[in-house]
Amino acid sequence: MNDSMTLGIHRVWKDILVHKMNPSPGTLLLDVAGGTGDIAFRFINYVRSVRERQLQRKLRHHQNLSWQEIAESYQEDKSKSLGDSQVVVCDINKEMLKVGKQRAQHLGYTEGLSWVLGNAEELPFDDDKFDVYTIAFGIRNVTRIDLALQEAYRVLKPGGRFLCLEFSHVSNPLLSSLYDLYSFQVIPVLGEVIAGDWKSYQYLVESIRRFPPQEELKAMIEDAGFLKVDYQNLNSGIVAIHSGFKL
Amino acid sequence: MLRCGTAVLRRAASGGGGHGQGQGSSLAQPLEPSLLRFLVCPLSKRPLRYEEATNELINEELGIVYPIIDGIPNMIPEAARTTQKKPPAEGSKESEQ
């Protein structure tokens, strides 16, 4: 359904989010409202490829290795393909988590991935634990956004990064009217035809309109204590990535 | 995957019914040990004790217990049961996500 509504572009948005994060091996990520695992899988792929490149670079510099050293390097590869990176996926919806877990099994993601049923406003995690906190298309559905932001601040390590990917506001008037047309005329119809559910998709589109615009969300993030808060518009503001640091 | 997504949405929208969830031995899945490093009680933010026998996470101070279902710890306070009473406690919130 996401693919139909966004013509597959939602995948690009999520890719951009992980690229912006640029995680290095050993990063601890908390992905909130990421039930089906989209961000988590991308994170693991990214870290794996960074790790591979690291190992290749290391091997290239060591031209004259003894057999012992070569055997050791192969063993390291197996145990540390992720370099101790880990992602915890937290969602309030059990069904989403189940789907995510099944997808993980299908796609072969076995290590470095954990699933927790929890509320973004009341995270079951200890203070100062995570390097990065992401919430992709989830903060819109949180009742008390300020509480979720405060919890995000709490569980991040000092130096940790907050990243939020969410639908936002289009300022360009022409694009805005086209976007409104698409949102209110096409999306609920797609919802009815594909999922048999007009109302949920009507609600979806309305909730996007009600959500605070970029600057307001930026102010809310700053209120929670984050510094160097900034946002990046994607597709002229249809989607925005907000970023902040706990310093 | 598309079909998976629509099925999930349909279930979420209709308010779910717990049909055919447990596939027999689903309760036997243990918790990922690395998770215990991070997990605390969402209410008091205090550490939890993992009980292997019943596959639950116990907060001694407040006397509440969080179940682990299908290997996923359920850390929603409303779904947790107190250690005094008998648990009817399933049914975590299936609110829209």
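**Exercise 1. Is Val12(A) buried, partly exposed or exposed?**

Setup: this is a predicted model, where local features need pLDDT of at least 70, side-chain atom pairs count only at pLDDT 80 or more, and totals for chains, interfaces and linings use all residues. Residues are numbered from 1 along each chain as its sequence is written, chains are lettered from A and ligands numbered from 1 in the order in which they are written, and side-chain values use heavy atoms, with hydrogens and water left out.

Solution.
- Step 1. Fix the classes: buried is under 20% relative accessible area, exposed is over 50%, and partly exposed is in between (1.4 Å probe, protein chains only).
- Step 2. Read the value. Val12(A) has 42% relative accessibility, so Val12(A) counts as partly exposed.
- Step 3. Place the residue. Val12(A) sits in helix α2 of chain A. Helices are DSSP runs (H or I, at least four residues), as are strands (E, at least two), numbered from the N terminus.
- Step 4. Look for partners. Leu7(A), Ile9(A) and Val12(A) make up a nonpolar surface patch with about 270 Å² of accessible area together. Patch residues have over 30% relative accessible area and no salt bridge; like charges are joined within 9 Å, nonpolar side chains (Val, Leu, Ile, Met, Phe, Trp, Tyr) within 5 Å. Areas come from the Shrake-Rupley method with a 1.4 Å probe; for residues, only the protein chains shown count as cover.

**Exercise 2. Trace the salt bridges of Asp38(A).**

Solution.
- Step 1. Define the term: a side-chain nitrogen of Lys or Arg within 4 Å of a carboxyl oxygen of Asp or Glu. The whole structure holds 16 salt bridges over all chains.
- Step 2. Take Lys14(A). Its side chain meets that of Asp38(A) at 2.8 Å, N to O. Lys14(A) is in helix α2 (residues 9-21) and Asp38(A) in helix α3 (residues 38-61), both of chain A, so the pair ties together parts 24 residues apart in sequence.
- Step 3. Take Arg103(A). The side chains of Asp38(A) and Arg103(A) form a salt bridge at 3.0 Å, N to O. Arg103(A) belongs to helix α5 (residues 94-107) of chain A, 65 residues from Asp38(A).
- Step 4. Check burial. Lys14(A) is buried at 6%. Asp38(A) is buried at 13%. Arg103(A) is buried at 15%.

**Exercise 3. Describe salt bridges that involve chain B.**

Solution.
- Step 1. Glu51(B) and Arg49(B) form a salt bridge, with the closest N and O atoms 3.0 Å apart.
- Step 2. Glu51(B) is partly exposed at 25%. Arg49(B) is partly exposed at 36%.
- Step 3. A network of salt bridges links Asp127(A), Glu151(A), Arg154(A) and Lys45(B).

**Exercise 4. Locate two annotated residues, Asn119(A) and Ala120(A).**

Solution.
- Step 1. Start from the record. An unreviewed UniProt entry gives the annotation "binding site" for Thr36(A), Asp91(A), Asn119(A) and Ala120(A). Positions follow the numbering used here, feature names are shortened, and annotations may be inferred rather than shown by experiment.
- Step 2. Asn119(A) lies in the loop between β3 (113-117) and β4 (130-136) of chain A. Ala120(A) is also in the loop between β3 and β4.
- Step 3. Asn119(A) is buried at 15%. Ala120(A) is buried at 8%.
- Step 4. List contacts (heavy atoms within 4.5 Å). Leaving out residues up to four places away in sequence, Ala120(A) touches Val32(A), Val142(A), Ala148(A) and Glu151(A).
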